[in-house]
Amino acid sequence: MKSFAGARLILLQPSLPKTTASATLSPSPAYFSHHHRVWLVLLISFFAFASALTLLSSSSGDSRQTTVTPLLPAPAAVTAAKLHPALYETLLHYAAQSTANGRMPESDLRAVAAVIRRRSPCNLLIFGLGPESLLWRALNHGGRTVFVDENQYYIAHYEERHPGLEGYDVAYTTKVSELGELLAAAREHVGGECRPVQNLLFSDCRLGINDLPNHLYDVAWDVILVDGPRGYSPASPGRMSAIFTAAVLARSSGLGPTDVLVHDYEREVERRCSAEFLCGENLADVDGQLAHFVIRGGAAARKDEFCFNRTAAAAASAL
């Protein structure tokens, strides 16, 4: 007889249909699709709500800032003003104390400064660079100051050391020893290339300076100072061209008047060329080595002659 001690009990259960078991153990694809749709709607709603809340908060803040912060006034228009008298006197004082070679006597310096002060801020044209150049530029604060010199390296040196300084070099083709010849040629062509009213940019007059930048010939110059080029020897360029050019610019640009100042007026070239082109009837003052002419342009300027009395001008230039 066999023993039952090692017998095992086996329970048999009836199997369920496959479709029913599958449906019970795992969700259907339709369930997943519905579940994802719900989460997507919730996420979109959340971000929409957050965006709306942020926009409302920003608008509220902007409106509060607009209401609380007062409107600032528009900046005042910048207008050029004359130098304060104390500053003007200080500049003159230190310039007069300068020990630089070739500087102007104090009386001449003060005479030039007085004209610039009266017209400033203005368009100021200066022939020649020298110890007083920075003073003239400072006195014309707020205006335009242009320097013309024969030495391009000297101009480059000034522009490098003093940013903003405006200077141009000119190649002079004249000599002091040619004074008589040049004056005779100018008289001969006074109705043509050397006429008193013209655009020197297109002139073939030997005394005319026509190699400056084009725009300078259209400037209405208020003050022109002739303190260059060199004129102390027969081989020096002399100031014939500078004085002639100043006379034409003063008559041709703007309605005037233009103050033309000629330094070293005691020298023959300066005296004779001033009489020929700036004219005795326009002489306002002679102070030391400085002559002051007031030239009227526009309708008041003669087109055929520089001076109303050519005979007197020729006689004065011959002295």
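Two strands count as paired if DSSP finds at least two bridges between them. I start with that rule because the first entries concern a sheet, and strands of a sheet pair through backbone hydrogen bonds, either parallel or antiparallel. The model I am reading is a predicted one.

**Entry 1: partners of β1**

I looked up strand β1, residues 123-127, and its bridges to β4. Which residue of β4 stands opposite Leu125? I found Ile224 there. I also noted that Leu124 has Val223 of β4 as its bridge partner. Strand β4 covers residues 223-226, and four bridges join β4 to β1 in the parallel sense.

I then turned to β2, residues 144-149. Five bridges link β2 with β1, and these two strands run parallel. Within this pairing I noted Ile126 opposite Phe147 of β2.

Is β1 mostly covered or mostly open? I counted four of its five residues as buried.

**Entry 2: the link from β1 to β2**

I followed the chain from β1 to β2 and met helix α5, residues 133-139. Together β1, α5 and β2 make a β-α-β unit, which I recorded as right-handed.

**Entry 3: the whole sheet**

In what order do the strands of the sheet lie? I wrote down β3-β2-β1-β4-β5-β7-β6, seven strands in an open sheet with mixed pairing. At the edges I found β3 (166-169) and β6 (283-287), each of which pairs on one side only. From one strand to the next, the twist averages 15°.

I next checked two helices that pack on the sheet. Helix α4, residues 106-119, touches β1, β4, β5 (258-263), β6 and β7 (290-295). Its direction makes about 165° with that of β5. Helix α8, residues 240-252, touches β1, β4, β5 and β7. For α8 I noted an angle of about 175° with the direction of β4.

**Entry 4: α7 and α9**

Last, I looked at a pair of helices. Two packed helices are described by the angle between their axes and the distance between the axes. The axes of α7 (residues 179-188) and α9 (residues 268-278) come within 11 Å and cross at roughly 5°. Angles under 35 degrees count as roughly parallel, so I entered α7 as roughly parallel to α9.

Which residues meet in this contact? From α7 I listed Leu179, Leu183, Ala186 and Arg187. From α9 I listed Glu268, Val269, Arg272, Cys273, Glu276 and Phe277. I sorted the residues of this contact into six nonpolar, no polar and four charged.

Terms used
Residues numbered from 1 in each chain as written. Predicted model: local features only at pLDDT ≥ 70, side-chain atom pairs only at ≥ 80, totals over all residues. Heavy atoms only, no water. Buried < 20%, exposed > 50% of the residue type's maximum accessible area, 1.4 Å probe, protein only. Right-handed = clockwise from strand over helix to strand, strands pointing away. Axes fitted to C-alpha atoms, helices over the stretch in contact; angles between N-to-C directions. Parallel < 35°, antiparallel > 145°, perpendicular 65-115°, else oblique. Contact = heavy atoms within 4.5 Å. Nonpolar A, V, L, I, M, F, W, Y, C, P; charged D, E, K, R; others polar.
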